[in-house]
Amino acid sequence: MNPASISMTLRSPDATADLAVAIGACLAPGECLLLDGPIGTGKTHFARHLIKSLLLENEDVPSPTFTLVQTYDTRAGDLWHADLYRLSALDEIEELGLSDAFDSAICLVEWPAKLGPLAPESALTIRFRLDDTAEESRQVELQWSDAKWGRKLEMLQNV
């Protein structure tokens with residue numbers, strides 16, 4: 001199947017948070033979001049708001065930059081937030097147990113290029129870019145090949 005995509009401008013960090021909450025509301029175990037983009041474009045901000053929107057109890061949501069993976073028990077099921085920036089080999093990803101989590105948990109993966117061939121084909125890729133026209137704005141592209149994402153993302157017309 002050919003990839004499909006949606007592009008949008010998020011005018012503020014609040015708009016990024018709103019998008020995260022909207023997408024979070026439709027996630028289920030076994031689904032993966034690949035969060036791509038340079039440092040400082042909003043990947044962790046997006047992930048933090050998505051996670052907080054699903055938590056059973058309010059808790060701190062730190063960046064997994066140094067721990068590599070943070071796990072959460074959410075109302076939608078287990079959620080894994082991974083930051084692969086510091087990894088250099090595929091076997092390190094296997095050691096984290098991320099491949100197994102792709103089947104059983106909701107997974108948010110920052111720096112997904114590090115996954116190489118381990119990236120789930122059914123994942124939704126969200127690419128973040130700085131917007132040259134406004135400091136707080138971000139250009140975001142959502143891309144997928146699994147038809148379920150087209151159905152799930154129909155709600156974005158209201159975000």
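This section describes the strand order, helix packing and salt bridges of a predicted model.

Residues are numbered from 1 along each chain as its sequence is written. Local features require pLDDT of at least 70, side-chain atom pairs count only at pLDDT 80 or more, totals for chains, interfaces and linings use all residues, and side-chain values use heavy atoms, with hydrogens and water left out.

Helices (H or I, at least four residues) and strands (E, at least two) are DSSP runs, numbered from the N terminus. Two strands pair if DSSP finds at least two bridges between them. On this basis, seven strands form an open sheet. The order is E1-E7-E6-E2-E5-E4-E3, and the pairing is mixed. Strand E1 (4-10) and strand E3 (69-74) are the edge strands, each pairing on one side only. Neighbouring strands of the sheet are turned by 15° against each other on average, direction ignored. Axes are lines fitted to C-alpha atoms, for helices over the stretch in contact, and angles run from 0 to 180 degrees between N-to-C directions.

At one edge, E3 runs antiparallel to strand E4 (residues 77-83), and six bridges join the two. Tyr72 has Leu79 of E4 as its bridge partner. Leu79 also has a bridge partner in E5, namely Ile106. E4 and E5 pair in the parallel sense, over five bridges.

Strand E5 (residues 106-110) is mostly covered, with five of its five residues buried. Buried means under 20% relative accessible area, exposed means over 50%, and partly exposed lies in between (1.4 Å probe, protein chains only). Ile106, Leu108 and Glu110 point one way from E5. Cys107 and Val109 point the other way. All of these residues are buried.

On its other side, E5 meets E2. These two strands pair in the parallel sense over four bridges. Cys32 has Cys107 of E5 as its bridge partner. For Leu34, the bridge partner in E5 is Val109. E2 is largely enclosed by the rest of the structure, because four of its five residues are buried. E2 also pairs with E6 in the parallel sense, again over four bridges. There, Asp36 stands opposite Arg127 of E6.

Helix H1 (residues 13-24) packs on the sheet. H1 touches E1, strand E2 (32-36), strand E6 (124-130) and strand E7 (138-144). Contact means heavy atoms within 4.5 Å. The direction of H1 makes about 145° with that of E1.

H1 also packs against helix H2 (residues 43-54). Two packed helices are described by the angle between their axes and the distance between the axes. For H1 and H2, the angle is about 50° and the axes are 8 Å apart. The two helices are therefore oblique to each other. Angles under 35 degrees count as roughly parallel, over 145 as roughly antiparallel, 65 to 115 as roughly perpendicular and the rest as oblique. The crossing of H1 and H2 is right-handed. A crossing is right-handed if the near helix is turned clockwise from the far one by less than a right angle, and left-handed if anticlockwise. On the H1 side, the contact residues are Pro13, Thr16, Ala17, Leu19, Ala20, Val21, Ile23 and Gly24. H2 contributes His45, Phe46, His49, Leu50, Ser53 and Leu54.

The structure holds three salt bridges. A salt bridge is a side-chain nitrogen of Lys or Arg within 4 Å of a carboxyl oxygen of Asp or Glu. Glu31 pairs with Lys148, with the closest N and O atoms 3.5 Å apart. This pair links distant parts of the chain: Glu31 lies in the loop between H1 and E2, and Lys148 lies in helix H5 (residues 147-152), 117 residues apart. Glu31 counts as buried, at 7% relative accessibility. Lys148 is buried too, with a relative accessible area of 17%. Glu31 forms another salt bridge with Lys152, the closest N and O atoms being 3.0 Å apart. Lys152 is likewise in helix H5, 121 residues from Glu31.

The side chains of Asp36 and Arg127 also meet in a salt bridge (3.6 Å, N to O). Asp36 lies in strand E2 and Arg127 in strand E6, so the pair ties together parts that are 91 residues apart in sequence. Asp36 is partly exposed, with a relative accessible area of 25%. Arg127 is partly exposed as well, at 30%. Salt bridges that share partners join Glu31, Lys148 and Lys152 into one network.
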